[in-house]
Amino acid sequence: MIAAPPAVDRLLDSPEPAIRYLVRRDVLGEDVQPDPEEILSGPFVRALLRDRRVHPYKKWQGAHWRLVALVELGVPADEPRVAAAADAVLDWLTGDGHRRGVKIVDGLARRCASQEGNALAVCSRLGMARDPRVALLARSLLEWQWPDGGWNCDLRATGRRSSFHESLAPMWGLHEFRAATGERWAGEAARRTAELFLEHRLFRSLRTGEVINRDWLVSHYPPYWHYDVPQALLILSRMDLSRDPRAAEALDVLIELRQADGFWHSGRPWWRAPGHSGSNVEVVDWGRRGPSEMVTLNALRILRSAGRLGDGADQTGLLRSV
């Protein structure tokens, strides 16, 4: 039997130009500039940009979800279809009808803050951070942040603990807003959320030390609003926190998820394949079984950031062996 080629070489042969570019930039560390037309020609990007006249939050075809995937694929910020989709999302999230639905119970906002968090991250990446609607999202997340550093939409929650699911995207959004604007308060708010995850070592109960949820120990792509350890590590790596000693065990979990073919595989997906009827139908077939290019790309990004793939002159050789 012929051995499977190394994961990096296989990613560099991806039919998606964005993945090839991101591997060179983020994994191999090459000083390479994207070709906007080439990225826009990719099958994933084309499907994500196709006009879909649905509510921005329709799962998983609405602009809210597709923008996250497009930004993660490095879509050009000046693409008119992206700007139009971002406008639709911002109008929805900052509209009076939406904001009237925010409930305060025992002095704490009960908010599915992953909505604002994903939108804030996306718009900050797209050069829209100075838009007053984007600033409103950031300030609202700060206002709604719970004392432990997270957010929660459960009206019955005691207020002692926020939701990991609802806290990861806001941490990402506030970090991206800080990177785009230099606003220190946004970075400080994101770091408070990071402390929430890190004190739990990303997946352990503070009280018992047991695994909180074993589904969190598996990669999923796209994660949408769901929390899992690999996605948490990805955002922490963007915040330069992947080398925090409290993330070490989570990094070990990530390494153990690598399969014999050299790739990381996606766990049980949250989506149904394009062409199905009903809810939770995707616009892209990301691959329900077997090797996942996006999960593998993100795993390699994390391990490089954490120094788990070697340093200096040995970096490229070690990467091509995984």
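This short talk walks through some unusual backbone spots and the empty spaces in one structure.

Hi everyone. Before we start, please keep in mind that this is a predicted model.

Let's begin with the backbone. Where are the cis peptide bonds? One joins Lys59 and Trp60, with omega at about -5 degrees. If you want to find Trp60, look in the loop between α4 (43–49) and α5 (63–72). Another cis peptide bond joins Tyr221 and Pro222, and there omega is about -10 degrees. Pro222 also has its place in a loop, the one between α11 (184–199) and α12 (229–238).

Stay in that loop for a moment, since Tyr224 is found between α11 and α12 as well. Tyr224 has a positive phi, near 55 degrees, and Tyr224 is a residue other than glycine. Is Tyr224 buried or exposed? With a relative accessible area of 10%, Tyr224 is under the 20% cut-off and so counts as buried.

Now compare that with Asp240, which sits in the loop between α12 and α13 (248–256). Asp240 is not a glycine either, yet its phi is positive, about 60 degrees. Here the relative accessibility is 67%, which is over 50%, so Asp240 counts as exposed.

Next, the empty spaces. Rolling a probe the size of a water molecule over the atoms shows where empty space is left. How many cavities of 30 Å³ or more does a search of the whole structure find? The search finds three.

The largest cavity has a volume of about 200 Å³. Its lining is made by 17 residues, and Val68, Asn118, Pro223, Tyr224 and Gln231 lie nearest its centre. Yes, that is our Tyr224 with the positive phi. At least two lining residues come from each of α5, α10 (164–181) and α12. Sorted by class, this lining holds twelve nonpolar residues, four polar ones and one charged.

On to the second largest cavity, with a volume of about 90 Å³. Among the residues that line this cavity are Ser219, His220, Tyr221, Asp228 and Gln231. You met Tyr221 a minute ago, at the cis peptide bond with Pro222. Which elements give two or more residues to this second lining? They are α12 and α14 (293–305). The largest share, four residues, comes from α14. The classes here are seven nonpolar, four polar and one charged.

Let's finish with the pockets. The largest pocket has a volume of about 490 Å³. Of the 20 residues that line this pocket, Leu22, Arg25, Asp26, Arg125 and Arg301 lie nearest its centre. Two or more lining residues come from each of α2 (17–27), α5, α12 and α14, and α2 gives the largest share, four residues. How does this lining divide by class? There are nine nonpolar, four polar and seven charged residues.

The second largest pocket has a volume of about 240 Å³. This pocket is lined by 18 residues, with Asp51, Ala63, Arg66, Arg81 and Ala85 closest to its centre. Each of α4, α5 and α6 (80–94) supplies at least two of the lining residues. By class, this lining has ten nonpolar, two polar and six charged residues.

If you take one residue home, take Tyr224: it is buried, it has a positive phi, and it is one of the residues nearest the centre of the largest cavity. Thanks for listening!

Terms used:
Residues are numbered from 1 along each chain as its sequence is written. This is a predicted model: local features need pLDDT of at least 70, side-chain atom pairs count only at pLDDT 80 or more; totals for chains, interfaces and linings use all residues. Side-chain values use heavy atoms; hydrogens and water are left out. Buried means under 20% relative accessible area, exposed over 50%, partly exposed in between (1.4 Å probe, protein chains only). On a 1 Å grid over the protein atoms alone, a cavity is a set of points where a 1.4 Å probe fits but cannot get out, and a pocket is an open set with protein on both sides within 12 Å along at least five of seven lines; lining residues have an atom within 4 Å of a point. Grid points are joined across faces, edges and corners, and a volume is the space filled by probe spheres set on the points. Ala, Val, Leu, Ile, Met, Phe, Trp, Tyr, Cys and Pro count as nonpolar, Asp, Glu, Lys and Arg as charged, and the others, Gly among them, as polar.
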